[in-house]
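This report looks at how two chains meet and then at the fold of one of them. The sequence and the structure are shown first.

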There are 2 protein chains.
Amino acid sequence: MSTRALTLGFDADDTLWHNEVIFEKVHERYRELLARYHDAATVDRTLFATEMRNLELYGYGVKGFTLSAIETAIQLTAGKISADEIQQLISLGRDMLEHPVDVLDGVVETLTALSGQHRLLVITKGDLRDQERKLARSGLAAHFQHVEILSEKDEGSYAALFRRHAIDPARFLMVGNSLKSDILPVLALGGAGVHVPYHITWAAERVETATQASSRFFQLKSVRELPEILSTWSASL
Amino acid sequence: MSTRALTLGFDADDTLWHNEVIFEKVHERYRELLARYHDAATVDRTLFATEMRNLELYGYGVKGFTLSAIETAIQLTAGKISADEIQQLISLGRDMLEHPVDVLDGVVETLTALSGQHRLLVITKGDLRDQERKLARSGLAAHFQHVEILSEKDEGSYAALFRRHAIDPARFLMVGNSLKSDILPVLALGGAGVHVPYHITWAAERVETATQASSRFFQLKSVRELPEILSTWSASL
(Lines give C-alpha, C1' and ligand atoms only; values in the text may rest on other atoms or scores of the structure.)
Protein backbone atom coordinates (compact mmCIF):
# COMPACT_ATOMS: atom_id res chain seq x y z
CA MET A 1 0.00 0.00 0.00
CA SER A 2 1.55 3.31 -1.07
CA THR A 3 2.15 6.34 1.12
CA ARG A 4 -0.67 7.91 -0.90
CA ALA A 5 -3.06 5.34 0.61
CA LEU A 6 -6.26 6.69 2.12
CA THR A 7 -8.53 5.17 4.73
CA LEU A 8 -12.01 4.46 3.42
CA GLY A 9 -14.84 3.65 5.82
CA PHE A 10 -17.91 1.80 4.57
CA ASP A 11 -21.25 1.66 6.32
CA ALA A 12 -22.78 -1.82 6.04
CA ASP A 13 -26.62 -1.96 6.07
CA ASP A 14 -28.01 -0.45 2.84
CA THR A 15 -24.48 0.49 1.72
CA LEU A 16 -22.85 -2.93 1.26
CA TRP A 17 -26.02 -5.04 1.39
CA HIS A 18 -29.81 -4.63 1.40
CA ASN A 19 -31.34 -4.19 4.84
CA GLU A 20 -34.20 -1.70 4.97
CA VAL A 21 -36.21 -3.76 2.43
CA ILE A 22 -36.17 -6.62 4.96
CA PHE A 23 -37.50 -4.32 7.70
CA GLU A 24 -40.08 -3.03 5.23
CA LYS A 25 -41.42 -6.54 4.63
CA VAL A 26 -41.54 -7.15 8.38
CA HIS A 27 -43.45 -3.89 8.87
CA GLU A 28 -46.02 -5.07 6.35
CA ARG A 29 -46.58 -8.33 8.23
CA TYR A 30 -46.71 -6.38 11.49
CA ARG A 31 -49.44 -4.08 10.15
CA GLU A 32 -51.44 -7.11 8.98
CA LEU A 33 -51.15 -8.73 12.39
CA LEU A 34 -52.58 -5.62 14.06
CA ALA A 35 -55.04 -4.62 11.30
CA ARG A 36 -58.02 -5.82 13.38
CA TYR A 37 -57.13 -3.23 16.01
CA HIS A 38 -55.66 -0.19 14.24
CA ASP A 39 -55.00 1.36 10.86
CA ALA A 40 -51.52 1.07 9.36
CA ALA A 41 -50.53 4.68 10.09
CA THR A 42 -51.29 4.29 13.82
CA VAL A 43 -49.36 1.02 13.95
CA ASP A 44 -46.34 2.55 12.21
CA ARG A 45 -46.38 5.68 14.34
CA THR A 46 -46.73 3.80 17.64
CA LEU A 47 -44.03 1.27 16.80
CA PHE A 48 -41.64 4.03 15.82
CA ALA A 49 -42.36 5.92 19.06
CA THR A 50 -41.62 2.75 21.08
CA GLU A 51 -38.38 2.20 19.16
CA MET A 52 -37.22 5.74 19.80
CA ARG A 53 -38.14 5.53 23.49
CA ASN A 54 -36.18 2.28 23.82
CA LEU A 55 -33.20 3.27 21.66
CA GLU A 56 -31.01 4.53 24.50
CA LEU A 57 -31.64 1.29 26.41
CA TYR A 58 -31.61 -1.29 23.61
CA GLY A 59 -29.37 0.30 21.00
CA TYR A 60 -29.74 -0.53 17.31
CA GLY A 61 -30.48 -3.92 15.82
CA VAL A 62 -32.99 -6.70 15.33
CA LYS A 63 -33.26 -7.91 18.95
CA GLY A 64 -34.21 -4.47 20.26
CA PHE A 65 -36.62 -4.03 17.34
CA THR A 66 -38.32 -7.34 18.18
CA LEU A 67 -38.74 -6.39 21.85
CA SER A 68 -40.17 -3.00 20.83
CA ALA A 69 -42.55 -4.70 18.38
CA ILE A 70 -43.87 -7.02 21.12
CA GLU A 71 -44.28 -4.13 23.57
CA THR A 72 -46.13 -2.05 20.97
CA ALA A 73 -48.43 -4.92 20.04
CA ILE A 74 -49.42 -5.42 23.70
CA GLN A 75 -50.07 -1.69 24.02
CA LEU A 76 -52.05 -1.34 20.77
CA THR A 77 -54.29 -4.32 21.55
CA ALA A 78 -54.73 -3.33 25.21
CA GLY A 79 -53.33 -6.74 26.15
CA LYS A 80 -55.68 -8.71 23.86
CA ILE A 81 -52.90 -10.00 21.61
CA SER A 82 -52.47 -13.76 21.98
CA ALA A 83 -49.33 -15.64 22.98
CA ASP A 84 -49.44 -17.27 19.56
CA GLU A 85 -49.31 -13.87 17.86
CA ILE A 86 -46.41 -12.81 20.09
CA GLN A 87 -44.63 -16.01 19.07
CA GLN A 88 -45.16 -14.88 15.45
CA LEU A 89 -43.35 -11.63 16.28
CA ILE A 90 -40.44 -13.57 17.78
CA SER A 91 -40.35 -15.63 14.59
CA LEU A 92 -40.36 -12.46 12.47
CA GLY A 93 -37.27 -11.28 14.38
CA ARG A 94 -35.62 -14.65 13.88
CA ASP A 95 -36.39 -14.51 10.14
CA MET A 96 -34.62 -11.15 9.95
CA LEU A 97 -31.53 -12.53 11.68
CA GLU A 98 -31.50 -15.56 9.40
CA HIS A 99 -32.23 -13.63 6.21
CA PRO A 100 -29.77 -14.22 3.36
CA VAL A 101 -27.36 -11.34 2.74
CA ASP A 102 -28.02 -9.66 -0.59
CA VAL A 103 -24.98 -7.57 -1.60
CA LEU A 104 -25.81 -4.33 -3.43
CA ASP A 105 -25.06 -3.96 -7.10
CA GLY A 106 -21.52 -2.77 -7.85
CA VAL A 107 -20.14 -3.38 -4.35
CA VAL A 108 -17.94 -6.40 -5.14
CA GLU A 109 -16.32 -4.73 -8.17
CA THR A 110 -15.72 -1.47 -6.30
CA LEU A 111 -14.20 -3.10 -3.23
CA THR A 112 -12.03 -5.30 -5.42
CA ALA A 113 -10.75 -2.25 -7.28
CA LEU A 114 -10.01 -0.25 -4.13
CA SER A 115 -8.84 -2.71 -1.48
CA GLY A 116 -5.34 -3.14 -2.93
CA GLN A 117 -4.68 0.60 -2.95
CA HIS A 118 -6.32 1.82 0.24
CA ARG A 119 -7.09 0.77 3.79
CA LEU A 120 -10.75 -0.28 3.95
CA LEU A 121 -12.82 -0.44 7.14
CA VAL A 122 -16.41 -1.46 7.84
CA ILE A 123 -17.99 1.03 10.26
CA THR A 124 -21.48 0.02 11.28
CA LYS A 125 -23.86 -0.15 14.22
CA GLY A 126 -26.39 -2.76 15.31
CA ASP A 127 -26.22 -6.09 17.11
CA LEU A 128 -22.67 -7.39 17.35
CA ARG A 129 -23.27 -10.98 16.32
CA ASP A 130 -25.81 -10.08 13.64
CA GLN A 131 -23.44 -7.68 11.87
CA GLU A 132 -20.53 -10.13 12.11
CA ARG A 133 -22.71 -12.88 10.66
CA LYS A 134 -23.87 -10.66 7.77
CA LEU A 135 -20.30 -9.68 6.93
CA ALA A 136 -19.23 -13.34 6.96
CA ARG A 137 -22.18 -14.33 4.76
CA SER A 138 -21.63 -11.43 2.36
CA GLY A 139 -18.29 -12.82 1.22
CA LEU A 140 -16.85 -9.29 1.50
CA ALA A 141 -14.85 -9.68 4.73
CA ALA A 142 -11.46 -10.20 3.05
CA HIS A 143 -11.56 -6.69 1.56
CA PHE A 144 -11.51 -5.03 4.99
CA GLN A 145 -8.64 -4.54 7.41
CA HIS A 146 -10.89 -3.83 10.37
CA VAL A 147 -14.54 -4.11 11.26
CA GLU A 148 -15.91 -1.61 13.74
CA ILE A 149 -19.35 -2.28 15.15
CA LEU A 150 -20.30 0.78 17.17
CA SER A 151 -23.21 1.40 19.51
CA GLU A 152 -23.65 4.86 17.92
CA LYS A 153 -22.20 6.69 14.92
CA ASP A 154 -21.71 10.29 15.99
CA GLU A 155 -18.82 12.75 16.20
CA GLY A 156 -17.61 11.28 19.49
CA SER A 157 -17.51 7.71 18.25
CA TYR A 158 -15.79 8.64 14.95
CA ALA A 159 -13.21 10.72 16.87
CA ALA A 160 -12.48 7.76 19.16
CA LEU A 161 -12.18 5.47 16.12
CA PHE A 162 -9.72 7.89 14.46
CA ARG A 163 -7.55 7.82 17.61
CA ARG A 164 -7.80 4.03 17.88
CA HIS A 165 -6.59 3.46 14.32
CA ALA A 166 -4.28 6.50 14.09
CA ILE A 167 -6.39 7.87 11.23
CA ASP A 168 -5.78 11.39 9.95
CA PRO A 169 -9.33 12.69 9.31
CA ALA A 170 -8.02 14.73 6.36
CA ARG A 171 -7.16 11.43 4.65
CA PHE A 172 -10.36 9.62 5.66
CA LEU A 173 -13.45 9.20 3.53
CA MET A 174 -16.70 7.61 4.69
CA VAL A 175 -19.18 5.97 2.31
CA GLY A 176 -22.75 5.41 3.42
CA ASN A 177 -26.46 5.82 2.85
CA SER A 178 -27.20 7.85 5.99
CA LEU A 179 -26.42 11.57 6.03
CA LYS A 180 -26.96 11.54 9.79
CA SER A 181 -24.71 8.61 10.72
CA ASP A 182 -22.22 8.37 7.88
CA ILE A 183 -21.70 11.85 6.46
CA LEU A 184 -22.41 14.78 8.80
CA PRO A 185 -20.24 13.64 11.76
CA VAL A 186 -17.33 12.82 9.43
CA LEU A 187 -17.53 16.19 7.64
CA ALA A 188 -17.61 17.91 11.05
CA LEU A 189 -14.34 16.19 11.99
CA GLY A 190 -12.59 17.24 8.77
CA GLY A 191 -13.06 14.02 6.81
CA ALA A 192 -14.79 13.47 3.48
CA GLY A 193 -18.23 11.95 3.00
CA VAL A 194 -19.70 10.08 0.06
CA HIS A 195 -23.46 9.74 0.28
CA VAL A 196 -24.94 6.87 -1.73
CA PRO A 197 -28.68 7.04 -0.98
CA TYR A 198 -30.65 3.83 -0.63
CA HIS A 199 -34.20 3.91 -1.94
CA ILE A 200 -35.65 3.68 1.59
CA THR A 201 -34.34 5.55 4.65
CA TRP A 202 -35.40 4.52 8.16
CA ALA A 203 -37.18 7.45 9.82
CA ALA A 204 -34.59 7.61 12.62
CA GLU A 205 -31.84 8.27 10.07
CA ARG A 206 -33.62 11.12 8.28
CA VAL A 207 -32.19 14.60 8.77
CA GLU A 208 -33.59 18.00 7.91
CA THR A 209 -30.16 19.56 7.56
CA ALA A 210 -29.38 20.74 4.09
CA THR A 211 -25.83 19.47 3.60
CA GLN A 212 -23.55 22.43 3.24
CA ALA A 213 -21.71 22.85 0.03
CA SER A 214 -18.33 21.30 0.83
CA SER A 215 -15.44 20.20 -1.33
CA ARG A 216 -15.38 17.14 0.93
CA PHE A 217 -18.96 16.07 0.27
CA PHE A 218 -20.05 13.95 -2.67
CA GLN A 219 -23.37 12.37 -3.59
CA LEU A 220 -23.42 9.36 -5.88
CA LYS A 221 -26.14 7.33 -7.55
CA SER A 222 -24.10 4.15 -7.29
CA VAL A 223 -21.04 2.99 -5.42
CA ARG A 224 -19.62 2.23 -8.87
CA GLU A 225 -18.79 5.93 -9.21
CA LEU A 226 -16.59 5.82 -6.10
CA PRO A 227 -13.16 5.23 -7.75
CA GLU A 228 -13.66 8.28 -9.98
CA ILE A 229 -14.67 10.49 -7.04
CA LEU A 230 -11.66 9.23 -5.09
CA SER A 231 -9.31 10.36 -7.85
CA THR A 232 -10.87 13.82 -7.80
CA TRP A 233 -10.77 14.11 -4.03
CA SER A 234 -7.28 12.68 -3.47
CA ALA A 235 -5.83 15.02 -6.14
CA SER A 236 -6.96 17.91 -3.92
CA LEU A 237 -5.12 16.64 -0.83
CA MET B 1 5.02 2.76 30.78
CA SER B 2 8.26 0.79 30.95
CA THR B 3 9.51 -1.74 28.42
CA ARG B 4 8.70 -4.31 31.10
CA ALA B 5 5.01 -3.40 30.71
CA LEU B 6 2.60 -6.27 30.25
CA THR B 7 -0.85 -6.34 28.72
CA LEU B 8 -3.56 -7.32 31.18
CA GLY B 9 -7.02 -8.26 29.95
CA PHE B 10 -9.98 -8.07 32.33
CA ASP B 11 -13.30 -9.77 31.83
CA ALA B 12 -16.17 -7.49 32.94
CA ASP B 13 -19.32 -9.30 34.21
CA ASP B 14 -18.59 -10.98 37.56
CA THR B 15 -14.93 -9.94 37.34
CA LEU B 16 -15.16 -6.13 37.53
CA TRP B 17 -18.78 -5.91 38.68
CA HIS B 18 -21.61 -8.13 39.92
CA ASN B 19 -23.79 -9.60 37.17
CA GLU B 20 -24.89 -13.18 37.79
CA VAL B 21 -26.65 -12.15 41.03
CA ILE B 22 -28.91 -9.92 38.92
CA PHE B 23 -29.75 -12.81 36.58
CA GLU B 24 -30.33 -14.98 39.65
CA LYS B 25 -32.96 -12.55 40.99
CA VAL B 26 -34.61 -12.44 37.57
CA HIS B 27 -34.69 -16.24 37.44
CA GLU B 28 -36.49 -16.27 40.79
CA ARG B 29 -39.17 -13.91 39.53
CA TYR B 30 -39.42 -15.95 36.33
CA ARG B 31 -40.01 -19.18 38.29
CA GLU B 32 -42.71 -17.44 40.36
CA LEU B 33 -44.45 -16.21 37.21
CA LEU B 34 -44.60 -19.77 35.83
CA ALA B 35 -45.13 -21.59 39.16
CA ARG B 36 -48.82 -22.23 38.34
CA TYR B 37 -47.72 -24.28 35.33
CA HIS B 38 -44.43 -26.00 36.19
CA ASP B 39 -41.98 -26.69 39.00
CA ALA B 40 -38.84 -24.59 39.26
CA ALA B 41 -36.50 -27.27 37.90
CA THR B 42 -38.56 -27.66 34.71
CA VAL B 43 -38.70 -23.89 34.23
CA ASP B 44 -34.93 -23.54 34.69
CA ARG B 45 -34.13 -26.48 32.42
CA THR B 46 -36.45 -25.34 29.63
CA LEU B 47 -35.27 -21.72 29.72
CA PHE B 48 -31.64 -22.84 29.59
CA ALA B 49 -32.38 -25.12 26.63
CA THR B 50 -34.04 -22.22 24.77
CA GLU B 51 -31.09 -19.94 25.52
CA MET B 52 -28.60 -22.49 24.20
CA ARG B 53 -30.70 -23.11 21.09
CA ASN B 54 -30.85 -19.35 20.41
CA LEU B 55 -27.25 -18.52 21.34
CA GLU B 56 -25.84 -18.79 17.83
CA LEU B 57 -28.58 -16.48 16.54
CA TYR B 58 -28.90 -13.97 19.40
CA GLY B 59 -25.44 -13.99 20.94
CA TYR B 60 -24.91 -13.12 24.61
CA GLY B 61 -26.68 -10.42 26.56
CA VAL B 62 -29.90 -9.24 28.13
CA LYS B 63 -31.93 -8.66 24.94
CA GLY B 64 -31.43 -12.22 23.72
CA PHE B 65 -32.16 -13.52 27.22
CA THR B 66 -35.45 -11.59 27.31
CA LEU B 67 -36.54 -12.95 23.93
CA SER B 68 -35.67 -16.50 25.05
CA ALA B 69 -37.58 -15.98 28.30
CA ILE B 70 -40.71 -14.89 26.38
CA GLU B 71 -40.43 -17.82 23.96
CA THR B 72 -40.00 -20.30 26.84
CA ALA B 73 -42.96 -18.85 28.75
CA ILE B 74 -45.22 -19.26 25.71
CA GLN B 75 -44.01 -22.83 25.29
CA LEU B 76 -44.33 -23.82 28.96
CA THR B 77 -47.86 -22.41 29.27
CA ALA B 78 -48.98 -23.83 25.91
CA GLY B 79 -49.85 -20.29 24.87
CA LYS B 80 -51.91 -19.53 27.98
CA ILE B 81 -49.57 -16.83 29.28
CA SER B 82 -51.24 -13.40 29.12
CA ALA B 83 -49.98 -10.34 27.31
CA ASP B 84 -49.73 -8.65 30.70
CA GLU B 85 -47.36 -11.35 31.93
CA ILE B 86 -45.27 -11.04 28.76
CA GLN B 87 -45.08 -7.31 29.41
CA GLN B 88 -43.73 -8.21 32.87
CA LEU B 89 -40.96 -10.21 31.19
CA ILE B 90 -40.09 -7.23 28.98
CA SER B 91 -39.97 -5.10 32.14
CA LEU B 92 -37.69 -7.65 33.82
CA GLY B 93 -35.28 -7.31 30.89
CA ARG B 94 -35.47 -3.55 31.10
CA ASP B 95 -34.74 -3.69 34.86
CA MET B 96 -31.60 -5.70 34.14
CA LEU B 97 -30.39 -3.13 31.60
CA GLU B 98 -31.09 -0.28 34.01
CA HIS B 99 -29.65 -2.03 37.05
CA PRO B 100 -27.01 -0.02 38.95
CA VAL B 101 -23.45 -1.26 38.44
CA ASP B 102 -22.01 -2.70 41.64
CA VAL B 103 -18.21 -2.92 41.35
CA LEU B 104 -16.64 -5.94 43.05
CA ASP B 105 -14.62 -5.54 46.20
CA GLY B 106 -10.94 -4.75 45.60
CA VAL B 107 -11.31 -3.87 41.91
CA VAL B 108 -10.80 -0.09 42.18
CA GLU B 109 -7.66 -0.44 44.31
CA THR B 110 -6.18 -3.14 42.08
CA LEU B 111 -6.81 -1.27 38.81
CA THR B 112 -5.43 1.92 40.34
CA ALA B 113 -2.26 0.10 41.38
CA LEU B 114 -1.74 -1.56 37.98
CA SER B 115 -2.92 0.90 35.33
CA GLY B 116 0.15 3.14 35.56
CA GLN B 117 2.54 0.24 35.01
CA HIS B 118 0.77 -1.94 32.47
CA ARG B 119 -1.57 -1.76 29.50
CA LEU B 120 -5.07 -2.67 30.69
CA LEU B 121 -7.89 -3.86 28.40
CA VAL B 122 -11.50 -4.83 29.04
CA ILE B 123 -12.34 -7.97 27.09
CA THR B 124 -15.98 -8.93 27.40
CA LYS B 125 -18.96 -10.25 25.49
CA GLY B 126 -22.65 -9.35 25.55
CA ASP B 127 -24.77 -6.56 24.12
CA LEU B 128 -22.66 -3.70 22.82
CA ARG B 129 -24.58 -0.81 24.32
CA ASP B 130 -25.26 -2.59 27.61
CA GLN B 131 -21.58 -3.32 28.24
CA GLU B 132 -20.54 0.22 27.26
CA ARG B 133 -23.16 1.63 29.62
CA LYS B 134 -22.03 -0.58 32.49
CA LEU B 135 -18.39 0.42 31.99
CA ALA B 136 -19.36 4.10 31.94
CA ARG B 137 -21.46 3.71 35.09
CA SER B 138 -18.77 1.70 36.88
CA GLY B 139 -16.40 4.67 36.94
CA LEU B 140 -13.60 2.32 35.86
CA ALA B 141 -13.27 3.34 32.19
CA ALA B 142 -10.26 5.64 32.68
CA HIS B 143 -8.09 2.70 33.78
CA PHE B 144 -8.39 0.96 30.40
CA GLN B 145 -6.67 1.73 27.12
CA HIS B 146 -9.11 -0.28 25.04
CA VAL B 147 -12.47 -1.93 25.46
CA GLU B 148 -13.16 -5.00 23.37
CA ILE B 149 -16.72 -6.26 23.28
CA LEU B 150 -16.64 -9.56 21.42
CA SER B 151 -19.46 -11.76 20.16
CA GLU B 152 -17.55 -14.81 21.48
CA LYS B 153 -14.46 -15.39 23.62
CA ASP B 154 -12.64 -18.37 22.14
CA GLU B 155 -9.19 -19.07 20.73
CA GLY B 156 -10.06 -17.51 17.38
CA SER B 157 -11.33 -14.27 18.84
CA TYR B 158 -8.38 -13.90 21.26
CA ALA B 159 -5.93 -14.60 18.41
CA ALA B 160 -7.59 -11.89 16.28
CA LEU B 161 -7.48 -9.49 19.23
CA PHE B 162 -3.74 -10.19 19.74
CA ARG B 163 -3.11 -9.36 16.06
CA ARG B 164 -5.28 -6.22 16.23
CA HIS B 165 -3.39 -4.79 19.22
CA ALA B 166 0.04 -6.27 18.37
CA ILE B 167 0.01 -8.22 21.65
CA ASP B 168 2.67 -10.84 22.32
CA PRO B 169 0.70 -13.67 24.00
CA ALA B 170 3.75 -14.49 26.14
CA ARG B 171 3.37 -11.06 27.75
CA PHE B 172 -0.44 -11.18 28.04
CA LEU B 173 -2.40 -12.16 31.13
CA MET B 174 -6.17 -12.49 31.27
CA VAL B 175 -8.15 -12.08 34.50
CA GLY B 176 -11.66 -13.48 34.71
CA ASN B 177 -14.24 -15.61 36.46
CA SER B 178 -14.88 -18.04 33.58
CA LEU B 179 -12.43 -20.86 32.94
CA LYS B 180 -14.14 -21.46 29.60
CA SER B 181 -14.09 -17.90 28.24
CA ASP B 182 -11.26 -16.18 30.09
CA ILE B 183 -8.65 -18.80 30.92
CA LEU B 184 -8.56 -21.91 28.69
CA PRO B 185 -8.39 -20.13 25.29
CA VAL B 186 -5.68 -17.75 26.56
CA LEU B 187 -3.56 -20.60 28.00
CA ALA B 188 -3.91 -22.44 24.69
CA LEU B 189 -2.48 -19.42 22.86
CA GLY B 190 0.53 -19.15 25.19
CA GLY B 191 -0.78 -16.42 27.48
CA ALA B 192 -1.32 -16.49 31.23
CA GLY B 193 -4.67 -16.85 32.97
CA VAL B 194 -5.78 -15.67 36.39
CA HIS B 195 -9.03 -17.26 37.49
CA VAL B 196 -10.95 -15.34 40.15
CA PRO B 197 -14.11 -17.42 40.69
CA TYR B 198 -17.41 -15.66 41.33
CA HIS B 199 -19.76 -17.37 43.75
CA ILE B 200 -22.23 -18.23 40.96
CA THR B 201 -21.29 -19.48 37.49
CA TRP B 202 -23.82 -19.43 34.63
CA ALA B 203 -24.36 -23.01 33.41
CA ALA B 204 -23.15 -22.11 29.90
CA GLU B 205 -19.76 -21.09 31.30
CA ARG B 206 -19.16 -24.25 33.31
CA VAL B 207 -16.45 -26.60 32.06
CA GLU B 208 -15.59 -30.14 33.04
CA THR B 209 -11.94 -29.74 32.08
CA ALA B 210 -9.56 -30.06 34.97
CA THR B 211 -7.20 -27.18 34.33
CA GLN B 212 -3.78 -28.57 33.61
CA ALA B 213 -0.99 -27.69 35.95
CA SER B 214 0.64 -24.76 34.21
CA SER B 215 3.13 -22.16 35.34
CA ARG B 216 0.89 -19.70 33.48
CA PHE B 217 -2.29 -20.49 35.40
CA PHE B 218 -3.23 -18.92 38.72
CA GLN B 219 -6.35 -19.13 40.84
CA LEU B 220 -7.11 -16.32 43.29
CA LYS B 221 -9.74 -15.78 45.94
CA SER B 222 -9.77 -12.05 45.31
CA VAL B 223 -8.53 -9.70 42.62
CA ARG B 224 -6.60 -7.99 45.45
CA GLU B 225 -3.99 -10.76 45.14
CA LEU B 226 -3.32 -9.87 41.49
CA PRO B 227 -0.32 -7.50 41.94
CA GLU B 228 1.53 -10.16 43.91
CA ILE B 229 0.83 -12.85 41.30
CA LEU B 230 1.96 -10.45 38.59
CA SER B 231 5.34 -10.01 40.26
CA THR B 232 5.80 -13.76 40.43
CA TRP B 233 4.75 -14.33 36.84
CA SER B 234 6.65 -11.42 35.27
CA ALA B 235 9.85 -12.47 37.08
CA SER B 236 9.64 -15.74 35.12
CA LEU B 237 9.45 -14.01 31.71
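In this predicted model, the contact between the chains draws on 26 residues from chain A and 27 residues from chain B. On the side of chain A that touches chain B, four helices each contribute at least two residues, namely α2 (40-58), α3 (62-76), α4 (83-98) and α6 (128-138). By residue class, that side of chain A comprises twelve nonpolar, seven polar and seven charged residues.

How are the two copies placed with respect to each other? Chain A is superposed on chain B by a rotation of 180° with 0.0 Å of shift along its axis, at an RMSD of 0.0 Å, and the two copies are thus related as by a two-fold rotation axis. Of the interface residues of chain A, 100% are also interface residues in chain B, so the copies meet through the same surface.

Turning to the single chain, chain A is built with nine helices and six strands. Its radius of gyration is 19 Å, which agrees with the value near 18 Å that a compact globule of 237 residues would have. Among the contacts in chain A that join residues at least 6 apart in sequence, 70% link residues at least 24 apart. The table gathers further values for this chain.

| Property of chain A | Value |
|---|---|
| Box filled by the C-alpha atoms, along the principal axes | roughly 65 × 35 × 30 Å |
| Residues of chain A that count as buried | 38% of the 237 residues |
| Radius of gyration of chain A | 19 Å |

Notes. Residues numbered from 1 in each chain as written. Chains lettered and ligands numbered in written order. Predicted model: local features only at pLDDT ≥ 70, side-chain atom pairs only at ≥ 80, totals over all residues. Contact = placed C-beta atoms within 7 Å. Nonpolar A, V, L, I, M, F, W, Y, C, P; charged D, E, K, R; others polar. Rg over C-alpha atoms; globule rule 2.2 N^0.38 Å. Buried ≥ 20, exposed ≤ 12 C-beta atoms within 10 Å, placed from the backbone. Least-squares fit on C-alpha atoms with pLDDT ≥ 70 in both.
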